[in-house]
Amino acid sequence: MFDFNFQEIQPILKVENLNKLFGFNKGCQNINFELFPGEVLAIVGESGSGKSTLLNSLSGHEQPDSGDVIYHAKNEQDYSLYKINESERRLLMRTELGFVHQNPRDGLRLRISAGGNIGERLMAVGERHYGDIRSKGENWLEQVEINSDRIDEQPRFFSGGMQQRLQIARTLVTHPRLVFMDEPTGGLDVSVQARLLDLIRQLVQKHQLAVVLVTHDLSVARLLAHRIIVMKQSEIVETGLTDQVLDDPQHPYSQLLVSSILN
Amino acid sequence: MYVAVKGGERAIENAHKLLDHLRRGDASVPELSCEQIKQQMPLAVSRVMAEGAMYDPDLAALALKQSAGDLVEAIFLVRAYRTTLPRFGYSIAIETSEMRVERRISATYKDLPGGQVLGPTFDYTHRLLDFKLAAESQLEAAPKTEEPVKAEPLARASEILFKEQLLKAEVDTEQTPTDLVQEPLQYPADRSARLQALARGDEGFLMSLGFSTQRGYSRNHPFAGEIRMGWVEVYVYSDELDMEICVGEIQVSECSMINQFAGDKNNPPQFTQGYGLAFGFNERKTMAMALVDRALRCDELDEPVESPAQNQEFVLSHCDTLDASGFVSHLKLPHYVDFQSELELIRNLRSRFSEEKDHE
Amino acid sequence: MSEQLYNFGYLDENSKRMIRRALLKAVALPGYQVPFAGKEMPMPYGWGTGGVQLTASIIGKKDCLKVIDQGADDTTNAVSIRNFFKRVCDVETTEETGDATVIQTRHRIPEQALTENQIMVFQVPIPEPLRYIEPSETETRKMHALKEYGVMHVKLYEDIARHGEIATSYAYPAEVNGHYIMDPSPIPKFDNPKLDNSPTLMLFGAGREKRIYAVPPYTNVKSLDFEDYPFTPQTWTRKCDLCGSEHSYLDEIVTDDKGSRLWVCSDTDFCQKNQAKQEQSNV
């Protein structure tokens with residue numbers, strides 16, 4: 001369904017022998033993969049399989065025990081996320097990388113207006129024109145299907161689905177190239193989930209985003225992801241194109257996962 | 001012309017004279033001597049020494065007299081004096097197992113080597129006002145203990161648990177302890193810095209925090225492993241003589257709380273400890289301190305930080321008597337310049353608001 | 001009295017040296033909050049102990065000290081601090097801004113232009129400009145180190161969205177020398193421009209919080225704002241009712257219970273000089 005010429009394009013993210021363990025088989029270990037620009041990768045597995053730990057390590061939030069996470073930046077430079085200094089890492093995290101939390105409360109300031117929430121990343125990278133920041137805020141509210149006249153309302157009065165859409169707008173406003181999402185539709189009603197998934201799919205295409213998505217919901221993976229990684233007890237047990245993995249799982253655990261959820 | 005709040009020198013001088021009279025009360029009543037305070041209010045003296053962070057019962061009594069019985073003010077006087085004293089050096093750590101105990105109880109054992117020594121305590125007194133005291137007290141002779149209080153070392157109750165490895169060992173990090181008088185408190189604070197801050201922290205604040213842990217805000221099931229109060233010798237090391245020299249004896253109170261187990265894959269469950277120590281007879285303070293010390297060990301014991309008593313910035317930044325009383329009372333100072341700018345701002349905002357309303 | 005029991009300037013020389021070391025660091029890193037082992041002083045925390053420690057550490061026998069609170073030399077706390085230094089240093093004191101070599105202040109900067117030969121010492125209650133946004137010290141130190149100040153502008157953004165202007169009238173945060181954001185202490189924003197490129201060394205002491213910071217002479221101090229909502233200090237449509245000044249910070253004095261008011265300079269020395277000048281020219 002998508003045509004990538006993997007030979008010619010540099011991967012945007014390279015993960016080499018990544019390990020982060022909290023106890024025996026708790027966390028993630030022996031993780032290797034590459035992600036290409038514009039590609040959506042889903043990490044699936046049951047809770048406790050280590051997928052959230054992996055996401056935190058990939059996104060610069062959790063120092064791994066060993067291994068490397070290398071990000072290929074807009075300026076064509078490679079940055080090893082945990083070898084560069086904290087200042088450089090945090091700059092990348094608020095410009096070229098983005099993170100969407102499962103719970104919008106973790107990714108939003110609930111007592112700051114919607115406009116202030118979207119504007120924060122812009123101001124953090126030095127934008128100092130109130131009118132510009134505000135009009136970008138309005139524009140992004142419309143892009144995530146929130147009426148722009150709600151720009152001065154505080155998200156604590158928004159519904160769960162709206163909060164999640166606002167969090168996405170706040171993340172995308174600085175045009176990141178790689179976005180990490182932790183169960184972005186978790187905790188929402190089914191009808192709200194469908195609308196949000198549709199919106200995410202549109203935005204990913206429109207802005208050519210590379211995405212690493214953690215989900216326990218295989219239907220979310222099927223809808224959004226080009227490729228899937230299946231994790232079990234801290235390790236990758238299977239990886240492949242989404243349709244391959246979901247329609248013809250090879251590893252017994254993947255088979256179990258697919259049958260238990262899809263049936 | 002206006003006077004407003006501009007006070008001037010004379011007003012201050014007069015205020016202080018009035019304070020002198022307030023302190024002295026009715027001049028026909030004999031004046032309190034510092035010696036009387038020292039002898040007859042030993043618990044107030046203890047608290048002033050502990051939170052004033054200076055062991056000197058005479059100066060603590062003077063401070064109590066000067067402050068007209070305001071403990072917070074007395075503590076302040078002692079601290080402000082103490083800060084001007086040069087630091088000659090450090091004593092060797094006191095050894096409380098060598099304590100000449102006046103009181104020693106354990107709630108975790110019915111009896112233990114060395115025995116339970118109730119000593120002087122308000123415990124088990126009926127809190128009935130004793131009207132006879134209002135006249136003159138008839139003091140009975142002090143009871144004699146059957147055996148003289150032990151002179152040989154009296155092992156701490158915790159040693160019993162240490163021996164069985166039921167209590168998490170206290171590891172000597174061999175690092176020089178932080179000295180909060182010489183360096184500012186910085187976060188994260190290590191245990192030596194935390195214990196120092198708590199030792200001079202406000203008893204009321206620590207008691208309420210300790211209480212909050214008992215009621216469920218970071219509950220950790222404490223038992224009073226041992227409380228002891230008595231006299232310990234203080235030694236300093238003399239370079240010239242190459243020996244340790246006893247420079248005197250001080251009264252201290254100590255409490256060790258035994259708390260819920262910790263344990264993980266690599267370590268079997270063990271009890272954990274919270275510790276409190278204070279100058280003088282300060283039992284409640286050391287118990288509160290031990291509860292809060294235990295709560296603050298959450299990082300080391302891998303416990304989730306969920307409650308105020310576990311948050312070291314919250315506890316340590318707010319536990320000091322002087323910090324708290326100073327900042328609360330500074331609101332009495334004139335703030336009219338800032339208030340003026342707020343007045344001007346709020347008037348602007350209100351006129352903008354009504355203009356906008358008029359447009360609608 | 002027992003003054004002779006205390007060292008010159010109250011603090012012992014070791015403590016003074018410790019504070020002066022912190023001051024050197026503060027001057028080298030304009031706007032950076034240097035932790036120091038603050039001492040208890042014989043006045044309560046929050047009543048100027050930070051400023052008093054700085055003054056005690058830098059004052060010498062030849063100095064001439066001025067102490068103001070709310071701009072006035074005769075407010076109770078200014079009198080009290082001035083008397084303290086008279087007792088423990090026996091230095092010359094003055095109410096005239098021009099004569100002072102060290103000026104300790106709470107909440108104001110004098111109206112009269114300061115010079116290279118003077119040092120301003122500010123009393124600071126809460127040195128951390130990010131404190132009300134981020135209560136954790138660990139986190140704010142990191143934000144300063146990495147210059148992560150976006151959230152400061154979020155606060156200003158919210159003010160404009162809600163009120164149509166930046167609703168901070170005192171303790172107005174400013175960026176020092178292109179890096180650290182500092183709290184200029186609770187001076188009205190009227191005084192912020194006096195910090196920028198000033199010939200005078202400005203020292204800030206927070207006693208309880210045990211922090212020292214500084215603005216060295218001729219350093220850029222930029223009050224935070226937006227390009228389209230620039231920083232604007234307070235202005236008055238009135239003149240001082242006593243001296244007629246049109247350019248000074250005015251206090252509003254309620255003179256009766258019917259709402260009558262006088263508007264007078266908060267800087268008492270400035271006001272009296274102005275009045276004296278006018279009397280002379282009237283003669």
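**Exercise 1. Compare the radius of gyration of chain A with the value for a compact globule of 263 residues.**

Solution. For 263 residues a compact globule would have a radius of gyration near 18 Å, and chain A, in this predicted model, agrees with that value at 18 Å. The next step is the extent of the chain along its principal axes, where the C-alpha trace of chain A spans about 55 × 45 × 40 Å. Turning to the interior, buried residues account for 55% of the 263 residues in chain A, where buried stands for under 20% relative accessible area. The secondary structure of chain A consists of 10 helices and 10 strands, and of its contacts between residues at least 6 apart in sequence, 66% join residues at least 24 apart. Finally, chain A exposes a surface of about 11,800 Å², to which carbon and sulfur atoms contribute 45%.

**Exercise 2. Carry out the corresponding analysis for chain C, beginning with its helices and strands.**

Solution. Chain C contains seven helices and 12 strands. Its radius of gyration is 19 Å, close to the 19 Å from the globule rule for 283 residues, so chain C is as compact as a globular protein of that length. Along the principal axes, the C-alpha atoms of chain C fill a box of roughly 55 × 55 × 35 Å. Of the 283 residues, 61% count as buried, and the accessible surface of chain C comes to about 11,100 Å², with 50% of that area belonging to carbon and sulfur atoms. Among contacts in chain C between residues at least 6 apart in sequence, 61% join residues at least 24 apart.

**Exercise 3. Determine where C:Ser185 lies in chain C, and decide whether C:Ser185 is buried or exposed.**

Solution. Begin with the secondary structure: C:Ser185 belongs to the loop between strand E7 (181–182) and helix H6 (192–195) of chain C. With a relative accessible area of 1%, C:Ser185 falls under the 20% limit and is therefore buried. Its contacts, leaving out residues up to four places away in sequence, are with C:Phe122, C:Gln123, C:Val124, C:Ala171, C:Phe204 and C:Tyr213. By way of reference to another part of the chain, C:Gln272 is 87 residues from C:Ser185 in sequence and 26 Å from it in space, C-alpha to C-alpha.

**Exercise 4. Identify the residues that touch the most other members of the largest nonpolar core, and examine the contacts of C:Phe226.**

Solution. In soluble globular proteins, nonpolar side chains tend to be buried together. Here the largest nonpolar core has 113 residues, and those touching the most other members are A:Val44, A:Leu166, A:Ile168, A:Ile228, C:Phe85, C:Ile212 and C:Phe226. Apart from neighbours within four places in sequence, C:Phe226 contacts A:Met123, A:Arg128, A:His129, A:Tyr130 and A:Ile133 in chain A, together with C:His153, C:Leu156, C:Tyr157 and C:Ile160 in chain C. A second, separate core of 31 residues includes A:Phe33, A:Tyr79, A:Leu92 and A:Ile229.

**Exercise 5. Establish which pair of chains shares the most contacts, and describe the domains of chain B.**

Solution. Two pairs of chains are in contact, and of these chains B and C share the most contacts. Chain A and chain B do not touch, although their nearest C-alpha atoms are 8 Å apart. Within chain B, the domain assignment gives domain 1 (8–82), domain 2 (96–319) and domain 3 (330–359), and the centres of domain 1 and domain 3, taken over C-alpha atoms, are separated by 43 Å.

Methods. Residues are numbered from 1 along each chain as its sequence is written. Chains are lettered from A and ligands numbered from 1 in the order in which they are written. This is a predicted model: local features need pLDDT of at least 70, side-chain atom pairs count only at pLDDT 80 or more; totals for chains, interfaces and linings use all residues. Side-chain values use heavy atoms; hydrogens and water are left out. Domain bounds come from an automatic or database domain assignment. Helices (H or I, at least four residues) and strands (E, at least two) are DSSP runs, numbered from the N terminus. The radius of gyration is taken over C-alpha atoms; the globule rule is 2.2 Å times the number of residues to the power 0.38. Buried means under 20% relative accessible area, exposed over 50%, partly exposed in between (1.4 Å probe, protein chains only). Contact means heavy atoms within 4.5 Å. Accessible areas come from the Shrake-Rupley method with a 1.4 Å probe; for residues, only the protein chains shown count as cover. A nonpolar core is a set of buried Ala, Val, Leu, Ile, Met, Phe, Trp, Tyr and Cys residues joined through side-chain atoms within 4.5 Å.
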